[in-house]
Amino acid sequence: MSEPVTVVIVDDHTIFRSGLKADLDGRVRVVGEAGTVEDAVAVIDQLRPQVVLLDVHLPGGLGGGGREVLTRSSALIPQVRFLALSVSDAAEDVVSVIRAGARGYVTKTASGPEITDAVLRVAEGDAVFSPRLAGFVLDAFGTSAVADDELDRLSARELEVMRLIARGYSYKEVAKELFISVKTVETHVSAVLRKLQLTNRHELSRWAADRRIW
Amino acid sequence: MDTAQIRPPLVRGEDRFVAGVCSGLARHLGVRVDVVRWVMVLASLLGGAGIVFYAWLWIMVPTTAEAARRGARRPASPIAPAVSRPVMPPTAAEPASPAQVRRARRLAGHAREMLLGAVLLLAALGLGSRMLGFDIPLGFIVPLAAILGGAALAWMQLDDSRREQLVRGAGAGRWNGGLRLGAGLALVVAGVALAVSGSQWNVLGLALVASLAVLAGVALVLLPWGLKFWRDLAAERAARVREEERAEIAAHLHDSVLQTLALIQRRAGSEADVTRLARAQERELREWLYRDARKGGGTFTDRLRALAAEVEDAQGHPVDVVCVGDAPLDGDHREPREALLQAAREAMLNAARHGGGPVSVYAEAGAEAIDVFVKDRGPGFDLDEVPSDRLGVRESIVGRMRRHGGEATIVSGTGGTEVRLHLAGVGTEEP
């Protein structure tokens, strides 16, 4: 906890950027900012921050927004971690940045300390799931469990964890409810994130297409 | 879906031999230009397939500048980038530079050279075959050359006049364009006339051929113009629709967001009021932006969201709703589902009134049951020492659920209170 986590904020609203910068506490240090896809790619490549707070909707580039930043910076992804930030609740937006490699998603209405916590968690390699993202996952994968080793579905435990997160439980509360450690909860959430990123399930695409707008 | 590569839009490139089709195609497909050009040349040898394909792309694919102009007409809505986000090619914002004007002039020169080359080539072919002994009558070659030349002139006019119009306004380009079109028409007509009068034998058949030739020639000349007008008309119509859309958005913003912002400024002192106003406005705006996508309304989750919004407004306390699946509210199961909704409403009211922090609501409408969870972060209470005023609330939750064949559990602790509502057996069996 000695060294603050380095962060780059990517958002096209200057007012929002400065507001967010003021809200984040001393555990993180904002080293750079960008407002367009091109700037973001350049700044991230130059500064190599630990975490990038990435807005889903960005001008510039080929019109791909945050997803484009992710695909163009994908070579850096093990060292640089991305946390998606969005006002949009549209499932398609959120799920597409996650599938492009973001480690989690928080809404812009979250408070400074909440976003700081999420940044720290992402910096440690964990995934950050909001209740809404958990809801999307449950909706996309279906709510019935199958065997653990199947990539296309969620295991019973993962489903339980997702449900509790969707119900508004923190990781700590989930751990207490299921009598497991917080670390185990984080492992389950990371597994779900990986499944969400890797699966090519036809149903997932169709689900996302159906619900382009939430 | 989202794993697919983002491709640049298909526009004709600046780097060109003829019309920039190959370079545009190469950019769009992410292949090297030479490869595309060679493929095109090879395809042309296959019975001219490449030429037809090239011509088709030439007509249908806009140039970079045209695409930019089309993109620029879209309104950039500040509130909803998702709703209208113009997709601009990278070179879009550049104004017409002197270099571009020069390029346009040079291109016009190229066109003339190419035309000349084609005519000379035809003449050479004719003369060559004559020398080799094939007797191709001059009366056949000259009209053919005239028709081809005229058509080429008119076709080039389509592309050139549009480019020049873009570079330096409509003024100067028009004369030139009219002249070229006239020349093209004259050439074609002359060619047809020559073809008719050039020989005397078999007048009946020739008359037929001649009339067909006239029709084909006129169509060939007018086709690009028809296309151009049709495209302009379509663009005009699209622009008008966008303008109307923009006006509607402006009107809506004026009626809702601006009023709320004014209200927020007047109540700046009260944090609770400001938060409540902002949340209500956000919800209303979202509803308006995304309303088209919602089917019908009046399903279980729609009603649940509406009730949550009501509670949020009444109590000034944020209520976050997450729904998975959905269930209809009409039909046999209407009554127990309505009861479940009312119980959920009581639970949300209770949580917003007594709990602290945001209220989380999660609903899952599965195949076997509907579950609703309402969680707050209040101080919690001991179930055995429930005060009498909350007993009524509990009765309207627990009792109501029981009467309709469901069950309600209330779990309370230091971390807050959670009301769990479960309605089994009446899930979603509809197809």
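**Figure 1. Strands S1 and S2 of chain A pair side by side.** S1(A) covers residues 5-10 and S2(A) covers residues 28-34. The two strands run parallel and share six bridges. Pairing here means that DSSP finds at least two bridges between two strands. Strands (E, at least two residues) and helices (H or I, at least four) are DSSP runs, numbered from the N terminus. Val10(A) stands opposite Ala34(A) in S2(A). This is a predicted model, where local features need pLDDT of at least 70 and side-chain atom pairs count only at pLDDT 80 or more, while totals for chains, interfaces and linings use all residues. Residues are numbered from 1 along each chain as its sequence is written, chains are lettered from A and ligands numbered from 1 in the order in which they are written, and side-chain values use heavy atoms, with hydrogens and water left out.

**Figure 2. Strand S1 of chain A, buried or exposed?** Six of its six residues are buried. Buried means under 20% relative accessible area, exposed means over 50%, and partly exposed lies in between (1.4 Å probe, protein chains only). One side of S1(A) carries Val5(A), Val7(A) and Ile9(A). The other side carries Thr6(A), Val8(A) and Val10(A). Both faces are covered.

**Figure 3. An open sheet of five strands in chain A.** The strand order is S2-S1-S3-S4-S5, with parallel pairing. Which strands stand at the edges? They are S2(A) and S5(A) (105-107). Each has a single partner strand, so one side of each is left without a neighbour in the sheet. Neighbouring strands are turned by 25 degrees against each other on average, direction ignored. S4(A), residues 81-86, joins S5(A) through three bridges. Ala84(A) stands opposite Tyr105(A) in S5(A).

**Figure 4. Helix H1 of chain A lies across the strands.** H1(A) spans residues 14-23. Four strands of chain A lie under this description: S1, S2, S3 (51-55) and S4. H1(A) runs at about 170 degrees to S2(A). Axes are lines fitted to C-alpha atoms, for helices over the stretch in contact, and angles run from 0 to 180 degrees between N-to-C directions.

**Figure 5. Helix H2 of chain A and its partners.** H2(A) covers residues 37-47. Its buried residues are Val37(A), Ala40(A), Val41(A), Val43(A) and Ile44(A). An α-helix has 3.6 residues a turn, so residues three or four places apart point the same way. The buried residues of H2(A) pack against S1, S2, S3, H3 and S4 of chain A. The axes of H2(A) and H3(A) come within 9 Å and cross at roughly 35 degrees. The crossing is right-handed, meaning that the near helix is turned clockwise from the far one by less than a right angle. Val37(A), Glu38(A), Ala40(A), Val41(A) and Ile44(A) in H2(A) meet Gly65(A), Glu68(A), Val69(A) and Arg72(A) in H3(A). These residues divide into five nonpolar, one polar and three charged. Ala, Val, Leu, Ile, Met, Phe, Trp, Tyr, Cys and Pro count as nonpolar, Asp, Glu, Lys and Arg as charged, and the others, Gly among them, as polar.

**Figure 6. Gly66 of chain A sits in helix H3.** H3(A) covers residues 65-72. Gly66(A) counts as buried because its relative accessibility is 0%. Leaving aside residues up to four places away in sequence, Gly66(A) touches Leu54(A), Asp55(A), Val56(A), Leu58(A) and Val97(A). Contact means heavy atoms within 4.5 Å. Ala102(A) is 36 residues away along the chain, and its C-alpha atom is 9.6 Å from that of Gly66(A).

**Figure 7. Two residues of chain A with positive phi.** Neither Arg48(A) nor Phe179(A) is a glycine. Arg48(A) follows H2(A) and is found in the loop between H2 and S3 of chain A. Its phi is about 45 degrees. Arg48(A) is partly exposed, at 44% relative accessible area. Phe179(A) lies in the loop between H8 (171-178) and H9 (182-198) of chain A. Its phi is about 55 degrees. Phe179(A) is exposed, at 76%.

**Figure 8. Helices H10 and H11 meet in chain B.** H10(B) covers residues 300-315 and H11(B) covers residues 334-354. Their axes come within 10 Å and cross at roughly 25 degrees. That makes the two helices roughly parallel, a label for angles under 35 degrees (over 145 is roughly antiparallel, 65 to 115 roughly perpendicular, the rest oblique). H10(B) passes H11(B) in a right-handed crossing.
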